[in-house]
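Colleague: I should be grateful for a close look at one part of this protein. Please choose a helix and describe its surroundings in some detail.

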Amino acid sequence: MAALLEDRDLQGIRQRFQQQAEILLREAGGADADDEKKKKEKPLPRLNGHSVFWILAAVAVTYYVDFFPVLQLNLLEGCAWLLVGAVSLVVSLSIALFCIVYLEWKCGICDYDAEYPGLVPVAVVTFLVAAVCFNVSLWPVWSFFTPVILFTQFMGFVMLVSLFG
């Protein structure tokens, strides 16, 4: 008799759990549909305060620290760190352009990792090598401000590119 009573209790608990799970799944499905509708209705603006701030900061830093003359002077001195960084940056940007222009626009492949799993890690590693090399090569000029200056330039460039894409 006690076993029969326990079975009925367990069946009641299972039924309540199934009903609650179905209700939660229906609510979650409705929330996803609402989110998709909102995304379709109002696209995010490309030009916002965040983008404008980083672009203007990069322009100001470029002007006030004489960024391009310093790079030119380091190139004339034959700084190997700067050359290795430049080559690494070119490789990283070439991979990015290959992914965007050729794979996405021409071939229609949007998921790069599935088709070419090695591209993204190679691009990240070459970009990090470039960042380290640029910091080492420009450290004698700006000292502790070098990472801040280069990060500001990077963010300004990324925000500028995001305006076009």
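Modeller: What follows is an account of helix H6 and its surroundings, preceded by a brief view of the whole chain.

The model is a predicted one. Its secondary structure consists of seven helices and zero strands, and the pattern along the sequence is α-α-α-α-α-α-α. The protein has 165 residues, of which 22% are buried. Its exposed surface comes to about 12,600 Å², with 69% supplied by carbon and sulfur atoms. Among contacts with a separation of 6 or more, 71% join residues 24 or more positions apart.

Helix H6 covers residues 119-142, and helix H7 covers residues 146-164. The axes of H6 and H7 come within 9 Å and cross at roughly 130°. Because of that angle, H6 is classed as oblique to H7. The crossing of H6 with H7 is right-handed. On the H6 side, the residues that meet H7 are Phe127, Phe134, Asn135, Leu138, Trp139 and Trp142. Their counterparts in H7 are Thr146, Pro147, Ile149, Leu150 and Phe154. Sorted by class, this contact comprises nine nonpolar residues, two polar residues and no charged ones.

Helix H6 also packs against helix H3, which spans residues 67-77. Here the axes lie 11 Å apart and the angle is about 115°, so H3 is roughly perpendicular to H6. The crossing of H3 and H6 is right-handed. From H3, Phe67, Val70, Leu71 and Asn74 take part, and they meet Ser137, Leu138, Val141 and Trp142 of H6. This contact contains six nonpolar and two polar residues, with no charged residue. Leu138 and Trp142 deserve attention, since they appear in the contact with H7 and also in the contact with H3.

One residue of H6 merits a separate description. Phe134 lies in this helix and has a relative accessible area of 18%; the cut-off for a buried residue is under 20%, so Phe134 counts as buried. Leaving aside residues up to four places away in sequence, Phe134 touches Leu82, Gly85, Ala86, Leu89 and Leu150. Leu150 is also among the H7 residues that meet H6. The C-alpha atoms of Phe134 and Leu89 are 9.7 Å apart, although 45 residues separate the two in sequence.

Helix H4, residues 80-106, contains Ser88. With 11% relative accessibility, Ser88 is buried. Beyond residues up to four places away in sequence, Ser88 touches Thr126, Val129 and Ala130.

Two loops complete the picture. The loop between H6 and H7 holds Ser143, whose phi is near 55°, a positive value in a residue other than glycine. At 29% relative accessibility, Ser143 is partly exposed. The loop between helix H2 (49-64) and H3 holds Asp66. Phi of Asp66 is near 50°, likewise positive in a residue other than glycine. Asp66 is partly exposed, with a relative accessibility of 43%. Such values call for notice because most residues other than glycine have a negative phi.

Key:
Residues are numbered from 1 along each chain as its sequence is written. This is a predicted model: local features need pLDDT of at least 70, side-chain atom pairs count only at pLDDT 80 or more; totals for chains, interfaces and linings use all residues. Side-chain values use heavy atoms; hydrogens and water are left out. Helices (H or I, at least four residues) and strands (E, at least two) are DSSP runs, numbered from the N terminus. Buried means under 20% relative accessible area, exposed over 50%, partly exposed in between (1.4 Å probe, protein chains only). Contact means heavy atoms within 4.5 Å. Axes are lines fitted to C-alpha atoms, for helices over the stretch in contact, and angles run from 0 to 180 degrees between N-to-C directions. Angles under 35 degrees count as roughly parallel, over 145 as roughly antiparallel, 65 to 115 as roughly perpendicular and the rest as oblique. A crossing is left-handed if the near helix is turned anticlockwise from the far one by less than a right angle, and right-handed if clockwise. Ala, Val, Leu, Ile, Met, Phe, Trp, Tyr, Cys and Pro count as nonpolar, Asp, Glu, Lys and Arg as charged, and the others, Gly among them, as polar. Accessible areas come from the Shrake-Rupley method with a 1.4 Å probe; for residues, only the protein chains shown count as cover.
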